[in-house]
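Work through the exercises below with the coordinates open. Each task is followed by a stepwise solution.

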Amino acid sequence: MQLIACPWCGEREEIEFHYGGEAHIAYPEDPYALDDEQWAQYVFFRDNPKGPFAERWVHSAGCRRWFNALRDTVTHEFLTVYGIGAERPSHTSTAPAAPRAKGQEASR
Amino acid sequence: MIGPRDNAPARPSPTTTLNRASRPSAGPGDALPDHPDFLWRNPDPKPSYDVVVVGGGGHGLATAYYLAKNHGVTNIAVLEKGWLAGGNMARNTTIIRSNYLWDESSGIYEHSLKLWETLEEDLDYPILFSQRGVLNLAHSLQDIRDSKRRVYANQLNGIDAEWLEPEEVAKVCPIVNISPDVRYPVLGATYQPRAGIAKHDYVAWGFARKADAYGIDLIQDCEVTGLDIVDGRVRGVRTTRGDIAAGKVALAAAGHSSVLAAMAGLRLPLQSHPLQALVSELLEPVHPTVVMSNAVHVYVSQAHKGELVMGAGIDSYNGYGQRGAFHILERQMAAALELFPVFARAHMLRTWAGIVDTTPDASPIVGLTPVENLYLNCGWGTGGFKATPGVGWCFAHTVATGEPHPYNAPFTLDRFTTGALVDEHGAAAVAH
Ligand SMILES: Cc1cc2nc3c(=O)[nH]c(=O)nc-3n(C[C@H](O)[C@H](O)[C@H](O)COP(=O)(O)OP(=O)(O)OC[C@H]3O[C@@H](n4cnc5c(N)ncnc54)[C@H](O)[C@@H]3O)c2cc1C
Ligand SMILES: [Zn+2]
């Protein structure tokens, strides 16, 4: 089973965690100022990248605290974990994932 | 025969001949038939097409087929980055049904089910469509209420649906455990007798063979890497096999839809997740129908060859890796044992995953985009196999006429702005 490094508890098994989707989506500062299109973007539209993705996780069966992670959606590798409210780290500043040969991502 | 590895043509195409008689002398192997004829050519891309379909899964192939058959458009290329049906098309668990809640869904899913009923003759190809019925089990008072509501809604839409009490469930499927003495007792089920399964790879090959016969180019190993858009209008695609000009571009890339839409500067309300499935070894026929349970969270059927085919929900996180976590499968099998104690000694043989494009309301997105001549079919998530002929029909209409077909008109991208969602989480929950 994949291990996830909780910033407070260290490495624990994946089943102790729950997923919270895309990170860095703040509640609108002035909700009344939003038009339908902006509300739609806030409520329903999310990034869905193939590769590094900034997302939220909660250590539900442990310390029960939320944190952010940068995870590669192809390899499922956690590139880094960081605090809620912290800036999204640029993934080039962490240990780079092993380079994939061209075409290796294709579905074979 | 379910699953991605199982791609060996299992039966010769209808045009195969036994050439033995024409050979001069008998030798080893002469008693065997020749290699079957190929079902489609493997052409190189031409510089330009009227329509380029991106994605050689069931939806892309069916769209190309109905563009030719219903609209006389044949100057078409279907571009596939891997091999035909190597995505979700030959990874799904092949459940076909139309018992969704809302009128909008009834429209398109029932249109599809009607097409399934004549598809084998239409494609002139065996697809092993078997209308063995589907049971959706209820395990709580709320389940019962929701299920009956769905049955009545289906009946109003002319869809075959019944409510069955537990003893009636056991008559349809004797191996379901209806004992009250379990954690989640079976309190009844909805039943759609016309639902069933088909052999997914044959379905893809059947569409591919017919599309090819119309002169449509099915081009494998050809990944679209960019869209050529000028003044808000798409003019072609960039691919790993060169640039291709196109009058119209139709996206049918399932799990990769967000990646392709991003090439057009579009953001979609989609999240791509792993969805896993598994099969047992071959068993005697024991399971005559399809059983799904939202509460116990598994669905099970038995393929023609004899494997038990099981699936459940998505892995929670986004994933493009075509694999998921083992504990998800463990839970699926625990759920299956709860419903079918008789499976206790069965062995899991193979597991795999696809990449499913889920939407906030568990309904698809099929229609126009803000980019002229660029059309979008996606968001079928865990349940688009059953829609293959239906969406091919409607998406072809949309591409050919520039207007949505009435059956896909409710499934616009802008419903997430207008709020006109088609919430099918109840009918879809465990995956479709
Ligand atoms: C495990 C599992 C079980 C399922 N069970 C059921 C079920 O029981 N019933 C049901 O109705 N549905 C089921 N589904 C859902 C169903 O399989 C999908 O909704 C449906 O197959 C999607 O349409 P498609 O066949 O066109 O997709 P796909 O076969 O995934 O086709 C999309 C194609 O696009 C290609 N592509 C992607 N990007 C590019 C690019 N840049 N350039 C060129 N090509 C590209 C991909 O390689 C792929 O072949 C299941 C799915 C899975 C994974
Ligand atoms: Zn913790």
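**Exercise 1. Check the length of helix 2 of chain B, then find its bend.**

Step 1. Helix 2 of chain B covers residues 103-123, 21 residues in total. Helices (H or I, at least four residues) and strands (E, at least two) are DSSP runs, numbered from the N terminus.
Step 2. The expected span is 1.5 Å times one less than the number of residues. For helix 2 of chain B that gives 30 Å.
Step 3. From first C-alpha to last, the helix reaches 29 Å, close to the expected value.
Step 4. Helix 2 of chain B bends by about 50 degrees at Glu117(B). The bend at a residue is the angle between axes fitted to the seven residues ending there and the seven starting there.
Step 5. After helix 2 of chain B comes Asp124(B), with a positive phi near 55 degrees.

Before going on, note the conventions. This is a predicted model: local features need pLDDT of at least 70, side-chain atom pairs count only at pLDDT 80 or more, and totals for chains, interfaces and linings use all residues. Residues are numbered from 1 along each chain as its sequence is written, chains are lettered from A and ligands numbered from 1 in the order in which they are written, and side-chain values use heavy atoms, with hydrogens and water left out.

**Exercise 2. Repeat the length check on helix 5 of chain B and decide how enclosed the helix is.**

Step 1. Helix 5 of chain B has 14 residues, 200-213, and should span 20 Å. Its end C-alpha atoms are 20 Å apart, so the values agree.
Step 2. Apply the burial cut-offs: buried is under 20% relative accessible area, exposed over 50%, partly exposed in between (1.4 Å probe, protein chains only).
Step 3. In helix 5 of chain B, 12 of the 14 residues are buried, so the rest of the structure largely encloses it. Among them are Trp205(B), Phe207(B) and Arg209(B).

**Exercise 3. Classify the site of the zinc ion (ligand 2).**

Step 1. List the donors (N, O and S atoms within 2.8 Å of the metal, or 3.2 Å for Na, K and Ca; water is not among the atoms, so sites may look incomplete). The protein donors are Cys6(A) (SG), Cys9(A) (SG), His59(A) (ND1) and Cys63(A) (SG), at 2.1 to 2.3 Å.
Step 2. Read the spacing: C-x2-C-x49-H-x3-C.
Step 3. Test the angles. Four donors count as tetrahedral if all angles lie between 85 and 135 degrees. Here they are 105 to 119 degrees, and the site is tetrahedral.
Step 4. Compare two donor residues. Cys6(A) is buried at 3%, whereas Cys9(A) is partly exposed at 28%.

**Exercise 4. Which two residues have a positive phi although neither is a glycine?**

Step 1. Most residues other than glycine have a negative phi.
Step 2. Ala85(B) has a phi of about 65 degrees. Ala85(B) sits in the loop between strand 2 (76-79) and strand 3 (95-96) of chain B, and is buried at 4%.
Step 3. His297(B) has a phi of about 70 degrees. The loop holding His297(B) runs between strand 13 (290-293) and strand 14 (298-302) of chain B. At 34%, His297(B) is partly exposed.

**Exercise 5. Find polar contacts of ligand 1.**

Step 1. Use the cut-off for a polar contact: a pair of N or O atoms within 3.5 Å.
Step 2. A polar side-chain atom of Thr93(B) is 2.8 Å from an oxygen atom of ligand 1.
Step 3. Turn to the backbone. A polar backbone atom of Val224(B) lies 2.9 Å from a nitrogen atom of ligand 1. For Thr382(B), a backbone N or O atom is 3.1 Å from a nitrogen atom of ligand 1.

Definitions and conventions: Four donors count as tetrahedral if all angles lie between 85 and 135 degrees; four count as square planar and six as octahedral if opposite donors are over 155 degrees apart and all others between 65 and 115; anything else is irregular. A polar contact is a pair of N or O atoms within 3.5 Å; within protein, one must be able to donate a hydrogen and the other to accept it, and residues adjacent in sequence count only if both atoms are side-chain atoms.
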